[in-house]
Amino acid sequence: MLVRVLKEAGLDKEGMTPHKLRHTSATHSLRARSNLRAVQELLGHADIQTTARYLYSDTRTKQAAVAKLRKLLGPLGQDANDEV
């Protein structure tokens, strides 16, 4: 079914799996500030630690967070030897 849907959408099916779609959906939900417990229930995980694996942050997310903090802190958030 997944292959058919991807083909109809004109998307490359190479490397796409139901698990990757599930993982992507959970990751985006958590990045959109969904409740971890709600995502756990949707995924059917018995242990919250299994769901917590989806909380990892990529480099861009971390950089964006640091930039927001620096903006919030103003001059206090800037190190003389550090550029954003």
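A salt bridge is a side-chain nitrogen of Lys or Arg within 4 Å of a carboxyl oxygen of Asp or Glu. Keep that in mind as you click around this predicted model.

**Stop 1: helix 1**

Select Arg4 and Glu8. Their closest N and O atoms are 3.6 Å apart, so by that 4 Å cut-off the two form a salt bridge. Both residues belong to helix 1 (residues 2-8), and they sit 4 residues apart, about one turn of the helix. Is Glu8 buried or exposed? With 63% relative accessibility, Glu8 counts as exposed.

How many salt bridges turn up in the whole structure? The search finds 2, so there is another to visit.

**Stop 2: a pair in helix 3**

Now select Arg37 and Glu41. Their side chains meet in a salt bridge, with 3.7 Å from N to O. Side chains of opposite charge can pair when their charged atoms come close. Here the two residues are 4 residues apart in helix 3 (residues 36-43), which puts about one helical turn between them. Colour them by accessibility if you like: Glu41 is exposed, at 55% relative accessible area, while Arg37 counts as partly exposed, at 46%.

**Stop 3: the two sides of helix 3**

Stay on helix 3 and pick out Val39, Gln40 and Leu43, its buried residues. Turn the view until you look down the helix axis: these buried residues fall within an arc of 105°, so they line one face of the helix. What do they pack against? Show helix 2 (18-31) and helix 4, and you have both partners. Then swing round to the other side of helix 3, where Glu41 and Leu42 are exposed.

Check the ends too. At the start of helix 3, zoom in on Asn35: one of its side-chain oxygens comes to within 2.7 Å of the backbone nitrogen of Arg37. Just after the helix comes Gly44, which has a positive phi of about 80°.

**Stop 4: Thr51**

Next, go to helix 4 (residues 48-52) and select Thr51. Its relative accessible area is 0%, so Thr51 is buried. Which residues touch it, leaving aside neighbours within four places in sequence? Thr51 is in contact with Leu30, Leu36, Val39, Gln40, Leu43 and His45. You've already met some of those names: Val39, Gln40 and Leu43 are the buried residues of helix 3.

**Stop 5: a patch of leucines**

Finally, show the surface and select Leu69, Leu72, Leu73 and Leu76. Together they form a nonpolar patch with about 480 Å² of accessible area. To find your way there, follow helix 5 (residues 59-73), which contains Leu69.

How values were computed. Residues numbered from 1 in each chain as written. Predicted model: local features only at pLDDT ≥ 70, side-chain atom pairs only at ≥ 80, totals over all residues. Heavy atoms only, no water. Buried < 20%, exposed > 50% of the residue type's maximum accessible area, 1.4 Å probe, protein only. Contact = heavy atoms within 4.5 Å. Patch = residues over 30% accessible without salt bridge, like charges linked within 9 Å, V, L, I, M, F, W, Y side chains within 5 Å. Areas by Shrake-Rupley, 256 points an atom, 1.4 Å probe, with all protein chains shown as cover. Arc of directions from axis to C-beta. Polar contact = N/O pair within 3.5 Å; in protein donor to acceptor, adjacent residues only side chain to side chain.
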